[in-house]
Amino acid sequence: MQLRRGELAALIGPSGSGKSTLLNVIGLLDSLTAGELYLLGKPTSTMDDAARTLMRNETIGFVFQFHHLITAFSVLENVLMPLMIRGSKPTPAQTERARSLLRAVGLEQFANKKPNAISGGQQQRVAIARALVTEPALLLADEPTGNLDTHTAGEVFELFRRFNREIGCAVLVVTHDPRLSASCDRTINLVDGHITSDAANVASS
Ligand SMILES: Nc1ncnc2c1ncn2[C@@H]1O[C@H](COP(=O)(O)OP(=O)(O)O)[C@@H](O)[C@H]1O
Ligand SMILES: [Mg+2]
């Protein structure tokens, strides 16, 4: 399977078919037992842990079903977290980028609030801003709208589309909602660990 630069693809398939496993492998959270994973054209299986960690931090953004925001930190600090774990204080330019991402997801006014003070849909939008703060080449989202209502889920997908167009980051998103997968450029169907279909969507928006 090849995901091209700037592509927005949906990954669908029954529960247990291996969607999360595939995302974890692509995101360098799990290791391969066979085959090879190339990121930005580079083979990853021969990389040591430090190189994998660096590649993960610099290249990939993650959005999960449960946002995993840290309740003790403010919304803005949560967005800055992927930069802070690099060990140095975020630069003013990086902080401004975090703010502008919060603005883009409509949440700038909550920057200094704690995650518990905002709704589930808003928390997921914070998680999207956090995933994009490092300007990743690839955004991986594992059932990001799994516990959101239909309307809020649609808004989250509109954000994926928008950042995909504006930043040009490739997006691979797992969803069970056929309308959401149809809004992507491409749908990859996984059954029992095998890709059973992989085709461009005709009327993606
Ligand atoms: N940590 C694990 N150890 C062993 N088997 C696992 C583990 N995680 C998932 N599996 C198994 O791998 C298969 C794929 O799981 P998963 O990738 O979570 O599927 P999906 O995300 O499509 O629901 C399933 O059969 C699941 O039970
Ligand atoms: Mg899963």
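In the predicted model, Cys184 is buried, with a relative accessible area of 0%. Cys169 is likewise counted as buried, at a relative accessibility of 1%. A disulfide is a covalent bond between the sulfur atoms of two cysteines. The number of disulfides in this model is 0. Cys169 takes part in none, and the nearest cysteine sulfur to its own, that of Cys184, is 12 Å away. Seen from the other side, the cysteine sulfur closest to that of Cys184 belongs to Cys169, and the 12 Å between them is too far for a bond. Because a disulfide requires two cysteine sulfur atoms within 2.5 Å, the pair does not qualify at 12 Å.

Cys184 is also one of the residues touched by Phe157, together with Thr145, Val173, Thr175, Leu180 and Ser183, when residues up to four places away in sequence are not counted. Phe157 belongs to helix H6, which spans residues 150-167. With a relative accessibility of 5%, Phe157 is buried. Phe157 and Cys184 are separated by 27 residues in sequence, while their C-alpha atoms are 8.8 Å apart in space.

Cys169, in turn, is among the residues in contact with Glu7. Glu7 is located in the segment before strand S1 (8-12). The relative accessible area of Glu7 is 11%, so this residue is buried. Its side chain makes a polar contact of 2.8 Å with the side chain of Arg186. Leaving aside residues up to four places away in sequence, Glu7 touches Gln2, Asn164, Cys169, Ala170, Val171, Asp185 and Arg186.

The surroundings of ligand 1 are made up of Pro14, Ser15, Gly16, Ser17, Gly18, Lys19, Ser20 and Thr21. Sorted by class, this shell holds 1 nonpolar, 6 polar and 1 charged residues. Oxygen atoms of the ligand are approached by both backbone and side-chain atoms of the protein. From the backbone, an N or O atom of Gly18 lies 3.0 Å from an oxygen atom of ligand 1. From the side chains, a polar atom of Lys19 is found 2.8 Å from an oxygen atom of ligand 1, and an N or O atom of Thr21 is 2.6 Å from an oxygen atom of ligand 1. On its own, ligand 1 has 560 Å² of accessible area, of which the protein covers 39%.

Two residues other than glycine with positive phi values were examined. Leu40, with phi near 50°, is placed in the loop between strand S2 (38-39) and strand S3 (42-43). At a relative accessible area of 46%, Leu40 is partly exposed. Glu143 has phi near 45° and sits in the loop that runs between strand S5 (138-142) and helix H6 (150-167).

Thr44 is positioned in the loop between S3 and H2. This residue is buried, with a relative accessible area of 2%. The side chain of Thr44 reaches the backbone oxygen of Leu37 at a distance of 2.7 Å. Leu37 also appears among the contacts of Thr44, which comprise Leu28, Glu36, Leu37, Leu39 and Arg52 once residues up to four places away in sequence are excluded.

Arg52 is itself one of the buried residues of H2, with Met55, Asn57 and Thr59. The elements that cover the buried residues of H2 include S2, S3, strand S4 (60-63), H3 and S5. For helix H3 (residues 75-84), 8 of 10 residues are buried, and the helix is mostly covered. The residues concerned are Val75, Leu76, Asn78, Val79, Leu80, Met81, Pro82 and Leu83. Their cover includes helix H2 (49-59), helix H4 (92-104) and helix H5 (120-132).

Terms used:
Residues numbered from 1 in each chain as written. Chains lettered and ligands numbered in written order. Predicted model: local features only at pLDDT ≥ 70, side-chain atom pairs only at ≥ 80, totals over all residues. Heavy atoms only, no water. Buried < 20%, exposed > 50% of the residue type's maximum accessible area, 1.4 Å probe, protein only. Helix = DSSP H or I, 4+ residues; strand = E, 2+ residues; numbered from the N terminus. Contact = heavy atoms within 4.5 Å. Near = heavy atom within 4 Å. Polar contact = N/O pair within 3.5 Å; in protein donor to acceptor, adjacent residues only side chain to side chain. Areas by Shrake-Rupley, 256 points an atom, 1.4 Å probe, with all protein chains shown as cover. Nonpolar A, V, L, I, M, F, W, Y, C, P; charged D, E, K, R; others polar.
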